[in-house]
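Here is a quick walk through a two-chain model, written for someone who would rather see the geometry than read a listing. Have a look at the structure first, then read on.

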Amino acid sequence: MKKDLLGIGDLTSDEIYLILDTTEAMREIGQRPIKKVPTLRGKTIVNLFYEPSTRTRTSFEIAEKRLSADTLNIAASTSSAQKGETLADTALNIEAMAPDMIVLRHASSGAGHLLSRLCKSRIINAGDGMHEHPTQALLDAFTIREHKKRLEGLKVTIVGDLLHSRVLRSNVLLLTMLGAEVWVCGPATLIPPGIERLGVHASTAIDEAVADADVIMMLRIQQERMHGAFFPSTREYFNTFGMTRARLAHAKPDVIIMHPGPMNRGVEIASDVADGPYSVILEQVANGVAVRMAVLYLLAGGAEGD
Amino acid sequence: MGRTLTRIAHEILERNRGVEELALVGIRTRGVPLAKRLARAIQEINGHEIPTGALDITLYRDDLMRTAVGAQPVIRKTEIPFSIDDKRILLVDDVLYTGRTIRAALDALIEFGRPRVIQLVVLVDRGHRELPIKADYVGKNLPTSRTQSVQVHLMEVDGRDEVEIVG
């Protein structure tokens with residue numbers, strides 16, 4: 001493993017399988033009466049979050065605590081970022097207090113790479129702008145593998161706001177690397193031009209994209225990143241691209257429905273699908289803790305050429 | 001090796017006066033097949049089935065974060081499908097050397113509950129202890145020097161049963 005985890009693009013398929021196998025072992029710790037191992041005792045981990053987050057931040061913090069690391073959380077809304085301090089200055093100041101790892105969530109793509117150049121601490125990207133969200137793709141892969149026992153040869157359909165989604169990029173990189181057949185679907189305005197070059201099939205026809213899918217992944221419509229009119233109304237979006245039971249019928253009978261959260265019920269997904277028997281959305285959240293424990297453990301050791 | 005394990009099985013039954021509350025926990029990697037073989041040996045003697053678990057101690061190692069170079073050791077799953085509370089736990093490993101693995105295993109085991117007793121079974125005791133740890137059942141004492149290494153090969157893992165002294 002490299003010093004930092006900035007994106008799926010930094011990993012080899014062997015490293016991805018190592019992370020997934022390690023996750024398997026980490027998950028067992030969460031089922032014990034005492035959900036804690038002493039592995040990262042004495043390590044300090046800073047969770048630096050410049051964007052709102054419930055799942056990812058909580059998940060990282062639980063993972064860190066289960067490995068006995070000392071953790072502290074900095075949210076941009078309560079930090080000196082409010083007083084105009086730049087990300088680089090904040091990072092250097094945190095670095096001066098010698099943490100071992102920094103988990104960064106930031107609205108700008110490449111923020112993790114900036115920190116990686118500035119800091120000796122190991123950097124874990126917990127979502128940078130519209131670029132990557134590697135631990136999400138890893139937990140998605142883990143969840144898929146658990147249900148389907150494999151990744152290669154599966155038809156995985158990703159539907160929604162493709163343009164603004166870092167989850168999409170990380171998932172496409174990971175799934176194509178491990179041999180899945182990836183379809184992406186959404187309104188033409190939300191399909192990044194040239195996405196086929198990543199090795200995926202792009203379509204604006206949801207029934208075609210969903211046909212015989214093993215896995216359907218719904219993405220949130222990211223209103224906060226939309227500066228312009230990408231579709232007429234959320235109601236029309238739901239009618240054209242929302243996941244309903246009727247649309248689900250075109251997929252394989254054992255299809256699983258995934259969503260990285262937070263969900264907008266009635267926009268990209270119908271409530272009876274989100275809560276229905278095919279949904280593994282809460283399993284994804286549960287697996288997220290174990291995946292992050294695996295990543296923290298594997299990065300804490302040391303990088304090649306350190 | 002088969003005769004040694006049968007002998008240890010008899011010793012276990014003698015010392016614990018039967019199989020009441022007995023459970024076997026093997027330390028990964030080679031303690032696990034050894035624990036299963038011991039369970040079979042005990043079953044052949046008196047027909048009782050002893051619950052058997054597997055313990056991975058990697059996350060409890062005292063040398064884990066000391067070497068800042070190189071990849072982390074691979075961790076595998078701990079599987080103890082029974083409550084260890086008030087059980088008589090037989091901890092099983094292939095080689096007893098410095099005692100550090102057993103120290104880690106004791107730490108790991110205690111997190112699962114409070115056994116009545118923990119006893120230690122090893123196939124080979126090669127000496128050179130660095131911690132005050134002693135085995136309750138020993139297959140064979142093998143006097144070695146520190147420069148040597150003792151490798152236990154098991155059919156289930158390595159395709160053959162053999163104890164090898166290297167160096």
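## Where the chains meet

In this predicted model, 17 residues of chain B are in contact with 17 residues of chain A. Sorted by class, chain B's side of that contact has nine nonpolar, four polar and four charged residues.

Now for chain A on its own. Its secondary structure comes to eleven helices and nine strands. The radius of gyration is 19 Å, close to the 19 Å that the globule rule gives for 306 residues, so chain A is as compact as a globular protein of that length. The C-alpha trace spans about 55 × 45 × 35 Å along its principal axes, and 46% of the 306 residues count as buried. If you take the contacts in chain A with a separation of 6 or more, 75% of them come from residues 24 or more positions apart.

The domain assignment splits chain A into domain 1 (8–133 + 287–301) and domain 2 (134–284). Their C-alpha centres lie 25 Å apart, and each of the two domains gives 22 residues to the contact between them. Which elements of domain 1 of chain A give two or more residues to the side touching domain 2 of chain A? They are helix H1 (13–29), strand S4 (122–128) and helix H11 (281–301) of chain A. By class, this side of domain 1 of chain A has eight nonpolar, ten polar and four charged residues.

Back to chain B, which has an open sheet of five strands in the order S2-S1-S3-S4-S5, with parallel pairing. Why do strand S2 (52–55) and strand S5 (137–141) of chain B each have one side without a neighbour in the sheet? Both stand at the edges with a single partner strand each, so one side of each is left free of a neighbour. Ignoring direction, neighbouring strands of this sheet are turned by 25° against each other on average.

Inside that sheet, strand S3 (residues 88–96) and strand S4 (residues 117–125) of chain B pair in the parallel sense over eight bridges. B:Leu90 stands opposite B:Gln119 in S4(B).

Two helices of chain B lie across strands of the sheet, as the table shows.

| Helix of chain B | Lies across (chain B) | Angle |
|---|---|---|
| H1 (residues 2–16) | S1 (22–27), S3, S4 and S5 | about 150° to S5(B) |
| H3 (residues 100–110) | S1, S2, S3 and S4 | about 155° to S3(B) |

Note on methods: Residues are numbered from 1 along each chain as its sequence is written. Chains are lettered from A and ligands numbered from 1 in the order in which they are written. This is a predicted model: local features need pLDDT of at least 70, side-chain atom pairs count only at pLDDT 80 or more; totals for chains, interfaces and linings use all residues. Domain bounds come from an automatic or database domain assignment. Two residues are in contact if their C-beta atoms, placed from the backbone, lie within 7 Å. Helices (H or I, at least four residues) and strands (E, at least two) are DSSP runs, numbered from the N terminus. Ala, Val, Leu, Ile, Met, Phe, Trp, Tyr, Cys and Pro count as nonpolar, Asp, Glu, Lys and Arg as charged, and the others, Gly among them, as polar. Two strands pair if DSSP finds at least two bridges between them. Axes are lines fitted to C-alpha atoms, for helices over the stretch in contact, and angles run from 0 to 180 degrees between N-to-C directions. The radius of gyration is taken over C-alpha atoms; the globule rule is 2.2 Å times the number of residues to the power 0.38. A residue is buried if 20 or more other C-beta atoms lie within 10 Å of its own, exposed if 12 or fewer, and partly exposed in between; C-beta atoms are placed from the backbone.
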